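Visitor: Please take a close look at one part of this model. I would like to see how the protein surface meets the DNA.

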2 protein chains.
Amino acid sequence: MSLINRNTDYAIRALVQLAQKKGKVVAVAQLAKAEKMPQPFLRRIMQVLCQNGLVVSHQGKKGGFSLRKKPAEISLGEIARVFQGGVDISQCLFRNFGCHNRQNCFLRKRLKKIEKIVVSELERTNIASFLTER
Amino acid sequence: MSLINRNTDYAIRALVQLAQKKGKVVAVAQLAKAEKMPQPFLRRIMQVLCQNGLVVSHQGKKGGFSLRKKPAEISLGEIARVFQGGVDISQCLFRNFGCHNRQNCFLRKRLKKIEKIVVSELERTNIASFLTER
DNA sequence: ACATAATGATACTTTTTGGGTATCATATGA
DNA sequence: TCATATGATACCCAAAAAGTATCATTATGT
């Protein structure tokens, strides 16, 4: 099990690259090549990022994508929300959906607590966090 | 995505039940019924718990399983380790296994950090933690 | 104008994994 | 000796994740 899936992973890497280019327009082909991501897959991811207002798309020759927000304003939490509907670490696994006593489930309570911690970590980590480290 | 899978989930529920029975021998059929878990599936889970020294099996008529350790000595972390090989929240999702620079992967580092927090929470939560709450 | 090189939109395929069954063998208490 | 429990394994199924393919549209440079 993993906290983030590949969509999220690739999206983060692409966004970090865009951030390094300081708002310049970069084509998917370049982004994909740099981190060895499958291009058509990344293309779809960029479209979704565009639809969700994280990047701006530029059509036509010399087109590509550029950041729409400041790196510091894009958190991992937001990206995860786009591609995974957030981080739902404590989801009920019970047979046929739904524990018979969801409200009082002892296990659920405990996992929710852990989830909160994780989510807050993801919120305070943003694209800018990664710029200096590289 | 979920922190624990169903094996782990069911195992926890079964162990809590056994803890409530204070070391008495309980058949899988009973355990399964109480939490509405699929019996043959739970049976396999109990076998694994037995092989890993968490419970003792008693064969034959009037057989079943009983706790081998004190509830306080069985952590969620240990159970997760048995059924999921631990909590590997920061696993590399990169194409064909392995980032090209696993050591310096900025994303991996960050996720590892979060993973540590989660694991420590799971370690300090044990079966006894759930006994009073019910 | 037009070829080229980019994204838009969408449908499809493949792979992996989680979750679950089925079955036969073995042990044991009444 | 029979009923009822676990031991050990092999197998199946469905859903989700990951990735591919294709055709339409838009902009640029000549």
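Guide: What follows covers the protein surface around one DNA strand. This is a predicted model: local features need pLDDT of at least 70, side-chain atom pairs count only at pLDDT 80 or more, and totals for chains, interfaces and linings use all residues. Residues are numbered from 1 along each chain as its sequence is written, chains are lettered from A and ligands numbered from 1 in the order in which they are written, and side-chain values use heavy atoms, without hydrogens and water.

Around DNA strand C there are 24 residues (near means a heavy atom within 4 Å). Val28(A), Arg43(A), Ser57(A), Arg6(B) and Gln59(B) come nearest. Of the strand C atoms within 4 Å of the protein, 62% belong to sugar and phosphate. By class, this surface has 11 polar, 7 charged and 6 nonpolar residues (Ala, Val, Leu, Ile, Met, Phe, Trp, Tyr, Cys and Pro are nonpolar; Asp, Glu, Lys and Arg charged; the others, Gly among them, polar).

Now the atom pairs. Ser57(A) places a side-chain N or O atom 2.7 Å from a phosphate oxygen of DNA strand C. Val28(A) has a backbone N or O atom 2.9 Å from a phosphate oxygen of the strand. Gln47(A) addresses a base: one of its polar side-chain atoms lies 3.4 Å from a base nitrogen of DNA strand C.

Next, the elements (DSSP runs numbered from the N terminus: helices are H or I, at least four residues; strands are E, at least two). Helix 3 of chain A gives the most to the surface near DNA strand C, with 4 residues. Strand 1 (55–58) and strand 2 (64–67) of chain A each supply at least two residues, as do helix 1 (6–20) and helix 3 (39–51) of chain B. The two chain A strands run antiparallel, joined by 4 bridges.

Conventions
Polar contact = N/O pair within 3.5 Å; in protein donor to acceptor, adjacent residues only side chain to side chain. Pairing = 2+ DSSP bridges.
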